[in-house]
Amino acid sequence: MTNLGHRSPQARARVVVIGAGFAGLAVVKGLKGAGAEIVLIDRTNHNLFQPLLYQVATAALAPSDIAVPVRAIFADRQDVTVLMGEVTTIDTQHRTVTVRDVGAVDFDYLVLATGSVYSWFGHDDWSHHAHVLKTLADALKVRGSLLAAFERAEAASDEAAVRRMLSFVIVGGGPTGVEMAGAIAELAHSTLARDFRRIRAATARIVLCEAGPHLLAGFPPTLADYARRRLDAMSVEVRTGTPVDLIDAEGVVAGGTRIPCGNILWCAGTAATPVAASLGAAQSRNGGIMVAPDCSVPDHDNVFAIGDVASMSGPDGKPLPGVGPVAKQQGASVARVIAARLAGTPAPGPFVYKDVGQLAMIGRSSAIADLGAVKLKGLPAWLLWSAVHLFFLIGTRNRLAVYLNWAWAWFTYGRGARLITVLDRPTHDMLVSGDDRSDGSGRAI
């Protein structure tokens, strides 16, 4: 059995990686053959392909299609120990992390890849009335709430209540908000349109609120305008320049206008997980750890922060975006830095992000792609989006399952995961408000 506490001086150097997302996996994979003992810690037992999480939430995919057990990924790696647990404290002086129900785990190198949580911009009380989308549990709750809205409406007799039940508000006009809006529109207007007898599911109201003047602020205006036109064609009400003033049990107040609704999805700003304070490290506005050019934490050269929990500027002086390619490239870079130190060879140069472009799916056969000099929209972008996401999924089974589900949905307009499996509140309460979560200040690392 691996000794997770104090080790003998002759033991191999130990690298502790906290977080099994894109960044954490890239570190562990990059350290293969480096001669280190690696301990990978995560709150869950699976790696989640977050770019497709919204498709689980809208009944297009099953949870098992986009998640893989972490132990299965590293089953042939004798140098990797996987622990499921929450890290509660970090002691850089004694080089230990404390894992709830496990105890202290010492380290020679520590990599923080703990990701981000949604930020409520000082309105944490709104979290009681809106759903977020970060985990599989979140996705199942959203799916249950969306589908239950139609089921409840089918049984209701009050027209005003039905209109409210079939009104959905998405807050945030970034890629996640746009993809969610398009997916809900397809679910309501196509898939569910033939499932009910008393209501017309196709009359569901989908409202997308964005505080800024444009959707998809990180994309070129021509692509963002195309996305808006496509959403308009899908009967999504797009409201730009419309900040949210209030979220309560009755719905949303946005731009001074009350929108009664039964489901609110928060896809707005994010904040880094609260790790910086435990290190005494400098923080960016969103709580990210300000890191050195090699992704190490200043004053702690054996501690690294990567992915959404880190804050680093690109060549243009702007903070690097919180996207998968940044996390993967930072993880691979940190693995090279640690491997060089272990081998006693010169350190590689500072981390430089190679922008590979960005993609966003809008709906059936429609997407946008910004690849620098090449801009795509419509069917070509949708085909590229599909190929890229299939390629980066982990596991042949998952790729095949997702491909077959997409093919079935394209030919039949059907969605095979229309199951309500999570209703942790009475249905009428879920239609009024979101689930209880612990992503606030008391959230564990």
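The following exercises, each with a worked solution, concern a predicted model.

**Exercise 1. The nonpolar cores**

Task: State which residues touch the most other members of the largest nonpolar core, and which helix gives the largest share of this core.

Solution:
1. The largest nonpolar core has 68 residues. The residues that touch the most other members are L52, I66, F150, L231, V236 and I368.
2. Helix α4, residues 136–155, supplies nine residues, the largest share of this core.
3. Take F150 from the list in step 1. With neighbours within four places in sequence left aside, F150 is in contact with L166, F168, A188, L192, F196, I199, A201 and A204.
4. Another core, of 59 residues, lies apart from the largest one. Its members include A23, L25, V111 and V309.
5. As background, nonpolar side chains tend to be buried together in soluble globular proteins.

**Exercise 2. The surroundings of A254**

Task: Decide whether A254 is buried or exposed, and list what A254 touches beyond four places in sequence.

Solution:
1. Locate the residue: A254 is part of strand β15, residues 251–254.
2. The relative accessibility of A254 is 2%. The cut-off for buried is under 20%, so A254 counts as buried.
3. Leaving out residues up to four places away in sequence, the contacts of A254 are C209, T242, P243, V244, D245 and I259.
4. For a distance in the chain and in space, pair A254 with A373: they are 119 residues apart in sequence, and their C-alpha atoms are 37 Å apart.

**Exercise 3. Three salt bridges**

Task: For the pairs R14 and D106, E86 and R43, and R205 and E237, give the N to O distance, the location of each partner and its exposure.

Solution:
1. The model has 12 salt bridges in total.
2. The side chains of R14 and D106 form one of them, with an N to O distance of 2.5 Å. R14 is in strand β1 (residues 14–18) and D106 in strand β8 (residues 103–106), so this pair links distant parts of the chain, 92 residues apart.
3. Both partners fall under the 20% cut-off: R14 is buried because its relative accessibility is 0%, and D106 is buried because its value is 9%.
4. E86 and R43 also meet through their side chains, at 3.0 Å from N to O. E86 sits in the loop between β5 (80–84) and β6 (87–91), and R43 in the loop between β2 (37–42) and β3 (46–48), so the bridge ties together parts 43 residues apart in sequence.
5. E86, at 21% relative accessibility, counts as partly exposed. R43, at 33%, counts as partly exposed too.
6. R205 and E237 form a salt bridge at 2.8 Å, N to O. R205 belongs to strand β12 (residues 205–210) and E237 to strand β13 (residues 236–240), so parts 32 residues apart in sequence are tied together.
7. R205 is partly exposed at 28% relative accessibility, and E237 is partly exposed at 28%.
8. Through salt bridges that share partners, R14, E37 and D106 are joined into one network.

**Exercise 4. Helices α1 and α9**

Task: Classify the angle between α1 and α9, and state the handedness of their crossing.

Solution:
1. The axes of α1 (residues 22–30) and α9 (residues 324–343) come within 7 Å and cross at roughly 30°.
2. Angles under 35 degrees count as roughly parallel, so α1 and α9 are roughly parallel to each other.
3. The crossing of the two helices is right-handed.
4. In the contact, F22, A23, A26, V27 and G30 of α1 meet G324, A327, K328, G331, A332 and A335 of α9.

Conventions. Residues are numbered from 1 along each chain as its sequence is written. This is a predicted model: local features need pLDDT of at least 70, side-chain atom pairs count only at pLDDT 80 or more; totals for chains, interfaces and linings use all residues. Side-chain values use heavy atoms; hydrogens and water are left out. A nonpolar core is a set of buried Ala, Val, Leu, Ile, Met, Phe, Trp, Tyr and Cys residues joined through side-chain atoms within 4.5 Å. Buried means under 20% relative accessible area, exposed over 50%, partly exposed in between (1.4 Å probe, protein chains only). Helices (H or I, at least four residues) and strands (E, at least two) are DSSP runs, numbered from the N terminus. Contact means heavy atoms within 4.5 Å. A salt bridge is a side-chain nitrogen of Lys or Arg within 4 Å of a carboxyl oxygen of Asp or Glu. Axes are lines fitted to C-alpha atoms, for helices over the stretch in contact, and angles run from 0 to 180 degrees between N-to-C directions. Angles under 35 degrees count as roughly parallel, over 145 as roughly antiparallel, 65 to 115 as roughly perpendicular and the rest as oblique. A crossing is left-handed if the near helix is turned anticlockwise from the far one by less than a right angle, and right-handed if clockwise.
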